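Grab a viewer and work through a few short exercises. Try each task yourself before you read its solution.

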Number of protein chains: 2
Amino acid sequence: MGLVVQKYGGSSVADAEGIKRVAKRIVDAKKNGHQVVVVVSAMGDTTDELIDLAGQVSPIPAGREFDMLLTAGERISMALLAMAIKNLGHEAQSFTGSQAGVITDSVHNKARIIDVTPGRIRTALDEGNIAIVAGFQGVSQDKKDITTLGRGGSDTTAVALAAALEAEVCEIYTDVDGVFTADPRVVPKARKLDWISSGDMLELASSGSKVLLHRCVEYARRYNIPIHVRSSFSGLRGTWVSNEPQGDQVEHAIISGVAHDVSEAKVTVVGVPDKPGEAAAIFRTIADAEINIDMVVQNVSAATTALTDISFTLPKTDGAKAIDALEKAKSSIGFDSLRYDDQIGKISLVGAGMKTNPGVTASFFEALSDAGVNIELISTSEIRISVVTRADDVNEAVRAVHTAFGLDSDSDEAVVYGGTGR
Amino acid sequence: MGLVVQKYGGSSVADAEGIKRVAKRIVDAKKNGHQVVVVVSAMGDTTDELIDLAGQVSPIPAGREFDMLLTAGERISMALLAMAIKNLGHEAQSFTGSQAGVITDSVHNKARIIDVTPGRIRTALDEGNIAIVAGFQGVSQDKKDITTLGRGGSDTTAVALAAALEAEVCEIYTDVDGVFTADPRVVPKARKLDWISSGDMLELASSGSKVLLHRCVEYARRYNIPIHVRSSFSGLRGTWVSNEPQGDQVEHAIISGVAHDVSEAKVTVVGVPDKPGEAAAIFRTIADAEINIDMVVQNVSAATTALTDISFTLPKTDGAKAIDALEKAKSSIGFDSLRYDDQIGKISLVGAGMKTNPGVTASFFEALSDAGVNIELISTSEIRISVVTRADDVNEAVRAVHTAFGLDSDSDEAVVYGGTGR
């Protein structure tokens, strides 16, 4: 049996009982003959409470000190978890991100991992210990300051350690059973996937799926680390995410799933002179404001006019910043007006199968029109089609598409390809 | 202006308001032209809460993990304090014990400082920062594990840093105004001392005074660091503790103060054969049980018998362990019985002046007898006299002695020596 990295989120270790339950699960993996490295997040709401405290002493807490503060959360959970494991009669040692060799850049609050040197972890394992590592944190290469990896950072810590330690698998324990064909809260008939390719998972993550963050999947794909997303409560098989199919998973559904996202807004720049360089000027302005945009569409300009409209979507949280930046550049760019719309939603169909199945796009649009959903913007990648609609239409649209592609749990029509001739 | 080390205890930084108040005081010191290094404890009850959490997951938490857990407390307070200072427009950086170069041995939960290498602190100061350091914690020299210094450890951290950085003074901010001639809760007329010698302070600390711990004063005396004990609430001058008198303090009271201690118990070994090696056997047994004893008295044995009694005092918390150890060794040592008495109290008179004033001992005993207090044990050092009495008599005895030596705040009789002939 090889080395396994397990990651437990804050909800799994919210209190002493949760910590003891997780400790038992970890010990079971050890008993099964694995070397076990555990990455743990802060207990329940600890991080939010620390953020609140920071707000009480300073309106805009400094990055370096903010990271120093937040990392106390994992320090508490990892030490308690190690104690709980030792209490079950097994050896365990906890390590901070710094002690575990998680080296990052110096961008506080959202640092990137640039190297992992897990010498102390390796030693602890060789001495028969279970190694408990603080998620979400590292130490900066140049200044040796404590850094944090930003939202979902613990998942990235787990995958990065799995890669550096050449683990068999990185198990991400969470409060859901795995990756579903759609958000079960919107689509009651959504199906849990036994396996999904890293590529499809990346598209789902960037299309609104919350189970795994894009960064973490990207890291796992680059280092070819299989991720097993599963529930820390049930112990059932969850969803495997990997570059190659796992075990019996020899056939791929054409479509992996339907994702939706209502966190974006649409900006339309009206009356842009239809000549070279205009779009560049607009998106340079947006980029300089450090805003990431998602979809972009330029309307075909009517022959009778030399003006066109350019629309793009971006996170609602960046909306004000974008409008502000564009207004400031209005004269230099030269456009008539701006329109801002935060009542939009995005529905994305994801699946490597669509590469080889030309019918998919047509079926997708048919399903939407049958549901009476009007399409405002369209963008596609090799394995994804996304459309923007009214926010109010999103849930209905997701259900319609989910059914149309035979993804419903009570459907026998799931279209597959590359099968072993079942 | 030179470098100042300030230490703030948990009660001074119990909440956001306290942290902001302390931040302002620190900034004032900086404005006065000092380089400022601040040692801070965990907020209010944080440490107790963490200890409670540990108890919920493990009856006897492992030392290494327990230290990892507890040190999260200072990590929180120091980061918040640094934020609060920056919010006042001054540069501040927080450092863990490890980052501050506090190197200790590997005895978890009560590690000893063996070296201090404050390179990062020095750099931070040179760059114009106020340096905030986590008290109570360090890193072990051999294993590079996080350690804690035990009770009162933050004071020791402050003094150790002051020594390593050659600070002008180590200011210990607390919730009392300084060192008093007696515990004000027992003696309302107790007087705050403007100055006390390190030697006298050491005796007071080991005689029951709680203001400063023995190990912190000892460290300060060895490296000749003046300590200024003062209130974090009033800002008034407190008590200077140093090897040599401070400024105008050219005359010493014969007596620095009266300390009392009701935390000890008395063990009497009855019917010990009055021959060489017996006492040795008894105290070897106690020592092997890792119990520190305080006073020891052997009764003069009556000529008619070959038996004697040996009494000693020890912390009540070690009472059961001592009795158990002695009972186990009863046959090998050879004694009749054991008597255990936890209703005793100790009163100590401390002052370098008694070296040159033979009358002190007599006056002490007269004061006690006038107060009708019976003496059970006596022990003396060059600058201290201690007696054991009934616990019920302690407060009365302390007040009587305090008055007898003219220490009461409304007295003009404070006997002095070495004066400048004022």
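Four exercises follow, each with a worked solution, and all of them rest on a predicted model.

**Exercise 1. Find the buried residues of helix H5 (residues 119–126) of chain B, and work out how they sit around the helix.**

Solution. Start with the list: Ile121(B), Ala124(B) and Leu125(B) are the buried residues of H5(B). Now look down the axis of H5(B): these buried residues fall within an arc of 100°, so they line one face of the helix. The spacing rule helps here: an α-helix has 3.6 residues a turn, so residues three or four places apart point the same way. Next, ask what lies over that face. The cover of the buried residues includes four strands of chain B, namely S1 (3–8), S2 (35–40), S3 (92–95) and S6 (130–134). Last, step past the end of the helix: Gly128(B) follows H5(B) and has a positive phi, near 90°.

**Exercise 2. Describe how strand S20 (residues 377–381) and strand S21 (residues 384–390) of chain B are joined.**

Solution. First take the direction: S20(B) and S21(B) run antiparallel, with five bridges between them. Then pick out a pair of residues to orient yourself: across from Ile378(B) you'll find Val387(B) in S21(B). Finally, trace the connection, which is a hairpin of two residues leading from S20(B) to S21(B).

**Exercise 3. How many disulfides are there over all chains, and why don't Cys216(A) and Cys170(B) form one with the closest cysteine?**

Solution. Recall that a disulfide is a covalent bond between the sulfur atoms of two cysteines. Searching the whole structure turns up zero disulfides over all chains. Check chain A: the cysteine sulfur closest to that of Cys216(A) belongs to Cys170(A), and at 6.6 Å it is too far for a bond. Check chain B: from the sulfur of Cys170(B), the closest cysteine sulfur is in Cys216(B), again 6.6 Å away and too far for a bond. The cut-off is 2.5 Å. As for surroundings, Cys216(A) counts as buried because its relative accessibility is 0%, and Cys170(B) counts as buried at 0% too.

**Exercise 4. Work out what symmetry relates chain A and chain B.**

Solution. Superpose the chains: a turn of 180° with a shift of 0.0 Å along the axis lays chain B on chain A with an RMSD of 0.1 Å. The two copies are therefore related as by a two-fold rotation axis. The same surface serves both copies, with 100% of the contact residues of chain B recurring in chain A. To locate the axis, go to Ala72(B): its C-alpha is 2.5 Å away, and no residue of chain B comes closer.

Note on methods. Residues are numbered from 1 along each chain as its sequence is written. Chains are lettered from A and ligands numbered from 1 in the order in which they are written. This is a predicted model: local features need pLDDT of at least 70, side-chain atom pairs count only at pLDDT 80 or more; totals for chains, interfaces and linings use all residues. Side-chain values use heavy atoms; hydrogens and water are left out. Buried means under 20% relative accessible area, exposed over 50%, partly exposed in between (1.4 Å probe, protein chains only). The arc is that of the directions from the helix axis to the C-beta atoms. Contact means heavy atoms within 4.5 Å. Two strands pair if DSSP finds at least two bridges between them. Copies are superposed by least squares on the C-alpha atoms of residues with pLDDT of at least 70 in both.
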